Each structure stands twice: as C-alpha cells, then as structure tokens.
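Good morning, and thank you for coming. I would like to take you through one protein model this morning, moving from the overall picture to individual residues.

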Amino acid sequence: MRLWRAEALESFDFGAFNSGDYSGAVSQKVVSETLSKVLYPNDEGLKGKELRLEQQYFFVCCSLQDMMRILRVQQISVTRFHENLPPS
C-alpha cells in the first residue's frame, strides 16, 4: 500500500505577499494539500464531486507513475508488466 501526499511546488508566493495578497501567497499550498488531506469528501454537491474526481485522478496517476518507475529501475519492459504482478 502506498500513501500519497500532494504538495505545492511553491509553498509561498513572495510576489503575492509583497503586493498585499496575503491569503493568495499561500493559496497554492492550501489547494494542493486539500487534495490529499481528507479522503472521501461528501460528494452530494458539485464541489465535493469535483474534489472526489480530482483525488481519484491524483491517486491513480501517482500509482501508475510509481509502477512505471519500478519497471524502469528493474529494467522490465512495459509489455511484460503483467508477468510481474504478485499472486492474488
């Protein structure tokens, strides 16, 4: 099992801060951390549905990238991926 965490590339925007946009200076950090901070949001409303979809995309994308990294490190062709799955 893997645990993924979203993080902003830049956690603080000095340009926004210096121009007086104090909440905007940390908005990227807040938005990115929201993606992986609380799982299974209430998805009755549109915002909850959007967050749930973004979370699903994020976690699938992270897992696929990690699988591809493992194949590359082990020098295994993607076409032979199915041969290296653990038994279920």
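Before I describe the fold, one term needs fixing: two residues are in contact when they have heavy atoms within 4.5 Å. Please also keep in mind that this is a predicted model. With that term in place, residues 24 or more positions apart account for 33% of the contacts in the protein with a separation of 6 or more.

Let me turn to the overall architecture. The protein has three helices and zero strands, and from the N terminus on the order of elements is α-α-α. Helix 1 covers residues 14-18, helix 2 covers residues 27-37, and helix 3 covers 46-73.

How does the radius of gyration of the protein stand against that of a compact globule of 88 residues? For such a globule one would have a value near 12 Å, but the protein has 18 Å. Along the principal axes, the C-alpha atoms fill a box of roughly 55 × 35 × 20 Å.

I move now to the surface. Of the 88 residues, 18% count as buried. The accessible surface comes to about 7,500 Å², and carbon and sulfur atoms hold 59% of that area. As for charge, there are 10 positive and 11 negative side chains, and the centres of the two sets lie 8 Å apart.

Next, helix 2. Which of its residues are buried? They are Ser32, Leu35 and Ser36. These residues lie on the same side of helix 2, because they cover an arc of only 80° around the axis. Their packing partner is helix 3.

Leu51, a residue of helix 3, shows a part of that arrangement. Leaving aside neighbours within four places in sequence, Leu51 is in contact with Thr34, Leu35 and Pro41. Leu35 is thus named twice: as a buried residue of helix 2 and as a contact of Leu51. The separation of Leu51 from Phe12 is 23 Å between C-alpha atoms, with their positions 39 residues apart along the chain.

Two further residues of helix 3 deserve a mention. Lys49 is located in helix 3 and counts as partly exposed, at 46% relative accessibility. Not counting residues up to four places away in sequence, Lys49 touches Asp43 and Glu44. Gln65 also belongs to helix 3; its relative accessibility is 53%, so it counts as exposed, the cut-off for that class being over 50%. From Gln65 to Leu35 the distance is 18 Å, C-alpha to C-alpha, and the two are 30 residues apart in sequence.

Let me go back towards the N terminus for a moment. Gly20 sits in the loop between helix 1 and helix 2. Its relative accessibility of 38% makes Gly20 partly exposed. Gly20 and Ser36 are 16 residues apart in sequence, and their C-alpha atoms are 28 Å apart in space.

My last residue is Gln75, in the segment after helix 3. Most residues other than glycine have a negative phi. Gln75 is not a glycine, yet it has a positive phi of about 55°. Is Gln75 buried or exposed? With 74% relative accessibility, Gln75 counts as exposed.

To conclude, I would leave you with two points. The predicted model contains three helices and zero strands, and the buried residues of helix 2 pack against helix 3. Thank you for your attention.

Definitions and conventions. Residues are numbered from 1 along each chain as its sequence is written. This is a predicted model: local features need pLDDT of at least 70, side-chain atom pairs count only at pLDDT 80 or more; totals for chains, interfaces and linings use all residues. Side-chain values use heavy atoms; hydrogens and water are left out. Helices (H or I, at least four residues) and strands (E, at least two) are DSSP runs, numbered from the N terminus. The radius of gyration is taken over C-alpha atoms; the globule rule is 2.2 Å times the number of residues to the power 0.38. Buried means under 20% relative accessible area, exposed over 50%, partly exposed in between (1.4 Å probe, protein chains only). Accessible areas come from the Shrake-Rupley method with a 1.4 Å probe; for residues, only the protein chains shown count as cover. Lys and Arg count as positive and Asp and Glu as negative; His and the chain ends are not counted. The place of a charge is taken as NZ of Lys, CZ of Arg, CG of Asp or CD of Glu. The arc is that of the directions from the helix axis to the C-beta atoms.
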